[in-house]
Every structure is written in C-alpha cells, then in structure tokens.
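Open the model in your viewer and keep the selection panel at hand. This tour goes stop by stop.

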Amino acid sequence: MNKELWDKCVKFHGHECPGLAIGFKAAEAAIARLGIGFSPDEEIVCVTENDACGVDAIQVMTGCTCGKGNLIFRDRVKSAYSFFERSTGKSIRLVLKPFGRNMDRKEKQEYLLNSSAEDLFEYKKPHYSLPQKAKIFQTIICENCGEGASDHKIRFMDGKKVCLDCFEEYSRGF
C-alpha cells in the first residue's frame with residue numbers, strides 16, 4: 001500500500017474509515033489494471049454506483065471529479081465502480097465482494113487496506129457504454145422562482161419554463 005497516497009486521501013476526506021479504504025483499493029486496482037494515471041481533464045471516467053466515502057479516494061487518486069464531468073454518480077447503492085479510458089477504450093467494473101460481517105470498523109479498514117484487489121473485488125465488464133464527454137448547457141431562468149438552471153433540465157408547466165424544483169409532476173399515479 002502507498003502510505004503517502006493513503007494519507008493524501010485521508011486528508012482530503014477528513015478521516016480514516018473502511019469506506020475510504022474501499023475507494024482507495026478500487027482506484028488502485030483500476031490504475032493497475034487499465035494502466036491509467038491521474039486525469040487532468042476527461043481522459044479517464046469513473047461511474048460510481050454510490051455516493052459514499054470511497055468516492056473521495058477515487059477523486060484524489062484518479063482526478064475524476066463531478067466538476068470536470070468525468071465522475072458520474074449512477075445511484076444504485078452498490079459498492080461498484082466502473083472506470084473507462086477514453087483513448088484506448090479499455091474499461092473495468094469493480095464490485096466489492098461481501099466480507100467482514102463480524103468485524104468492527106478498524107478490523108474492516110485493516111482488512112481492506114491489506115488485502116489484494118482480487119480478494120476484494122469482482123472484476124467485470126461495465127454493462128453500459130463509455131459516457132459522453134461533459135457538455136456545457138445554456139442557462140434558462142425559471143419563470144417561477146427566478147433561479148437559473150441548465151436548459152436540459154427545464155420543464156414546461158402552465159406555459160412557463162420552470163426548473164425541476166418548481167415543476168409539479170402530473171402522473172395520475174402511473
């Protein structure tokens with residue numbers, strides 16, 4: 001384990017925990033398996049299926065961030081991470097294997113940090129394609145609250161352009 005890099009992840013996240021260790025090991029495995037480095041722009045893409053602590057380690061180690069558009073949150077509440085390398089088309093999906101039901105927090109963290117990636121993760125092919133590069137959208141002012149929102153998220157309601165917060169869904173239960 002690269003202690004200096006772990007310490008950098010801990011500093012960014014704010015504390016040590018098993019969740020951070022999961023992301024640390026997932027990023028470490030993706031870097032090794034795909035032969036990738038830090039992504040200054042959108043060369044590497046990570047699709048995370050959770051919004052837990054491990055995502056912070058992935059940001060620090062791979063350079064995938066929401067702000068650059070190369071860290072995409074796909075809410076499935078799974079400890080699963082897919083990594084894509086744009087120039088080569090290589091990809092991998094890492095899914096955490098079940099472990100440690102009877103371990104305390106410290107034991108889980110130590111187990112994660114000291115185990116091989118092969119022991120921790122199932123290596124799979126992502127079941128979705130490489131996401132598009134991030135787009136820059138036009139800002140539309142909501143005619144209800146007056147706040148700006150990206151044009152691809154604007155809805156029409158009662159003849160007005162409204163943001164998602166102001167939009168009242170009409171489904172009649174279907």
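## Stop one: the enclosed strand

Select strand 3. Both of its faces are covered: Ala80, Ser82 and Phe84 are buried on one side, and Tyr81, Phe83 and Glu85 are buried on the other. Keep in mind that this is a predicted model. How many residues of strand 3 are buried? The count is 6 of the 6, so strand 3 is largely enclosed by the rest of the structure. The cut-off behind that word is a relative accessible area under 20%.

## Stop two: the neighbours of strand 3

Add strand 1, residues 44-48. Strand 1 pairs with strand 3 in the antiparallel sense, over 5 bridges. Click Val45: its bridge partner in strand 3 is Phe84.

Now add strand 4, residues 91-96. Strand 4 and strand 3 also pair in the antiparallel sense, over 5 bridges. Pick Ser82 and look across to strand 4, where Arg93 stands opposite. Then follow the chain through the hairpin of strand 3 and strand 4, which has 5 residues between the strands. Stop at Gly89, which takes a positive phi near 80° in this hairpin.

## Stop three: the whole sheet

Select the remaining strands. In what order do the 5 strands lie in the sheet? The order is 2-1-3-4-5, in an open sheet with mixed pairing. Strand 2 (71-73) and strand 5 (121-124) stand at the edges. Each has a single partner strand, so one side of each is left without a neighbour in the sheet. Look along the sheet for its twist, which averages 20° from one strand to the next.

Go to the strand 2 edge. Strand 1 and strand 2 run parallel and are joined by 3 bridges. Click Val47 to find Ile72 opposite in strand 2.

## Stop four: a helix across the sheet

Select helix 2, residues 18-34. Which strands does helix 2 lie across? They are strand 3, strand 4 and strand 5. Helix 2 runs at about 150° to strand 4.

## Stop five: two helices that cross

Hide the sheet. Show helix 1 (residues 3-13) and helix 3 (residues 54-62). Two packed helices are described by the angle between their axes and the distance between the axes. Here the axes come within 9 Å and cross at roughly 125°. That makes helix 1 oblique to helix 3. The crossing is right-handed.

Turn on side chains at the contact:

- From helix 1, show Leu5, Lys8, Cys9, Phe12 and His13.
- From helix 3, show Asp56, Ala57, Gln59, Val60 and Met61, which the helix 1 residues meet.

Colour these contact residues by type. They divide into 6 nonpolar, 2 polar and 2 charged.

## Stop six: a glycine in a loop

Move to the loop between helix 3 and strand 2 and pick Gly67. Is Gly67 buried or exposed? Gly67 counts as exposed, because its relative accessibility is 80% and the cut-off is over 50%. Draw a distance from the C-alpha atom of Gly67 to that of Ser82: the two are separated by 18 Å. Along the chain these residues are 15 residues apart.

## Stop seven: a buried glutamine

Finish in helix 4, residues 105-114, at Gln109. Gln109 is buried, with a relative accessible area of 4%. What does Gln109 touch, leaving out residues up to four places away in sequence? Show Trp6, Glu16, Cys17, Pro18 and Ala21 around Gln109.

Technical notes: Residues are numbered from 1 along each chain as its sequence is written. This is a predicted model: local features need pLDDT of at least 70, side-chain atom pairs count only at pLDDT 80 or more; totals for chains, interfaces and linings use all residues. Side-chain values use heavy atoms; hydrogens and water are left out. Two strands pair if DSSP finds at least two bridges between them. Helices (H or I, at least four residues) and strands (E, at least two) are DSSP runs, numbered from the N terminus. Axes are lines fitted to C-alpha atoms, for helices over the stretch in contact, and angles run from 0 to 180 degrees between N-to-C directions. Contact means heavy atoms within 4.5 Å. Angles under 35 degrees count as roughly parallel, over 145 as roughly antiparallel, 65 to 115 as roughly perpendicular and the rest as oblique. A crossing is left-handed if the near helix is turned anticlockwise from the far one by less than a right angle, and right-handed if clockwise. Ala, Val, Leu, Ile, Met, Phe, Trp, Tyr, Cys and Pro count as nonpolar, Asp, Glu, Lys and Arg as charged, and the others, Gly among them, as polar. Buried means under 20% relative accessible area, exposed over 50%, partly exposed in between (1.4 Å probe, protein chains only).
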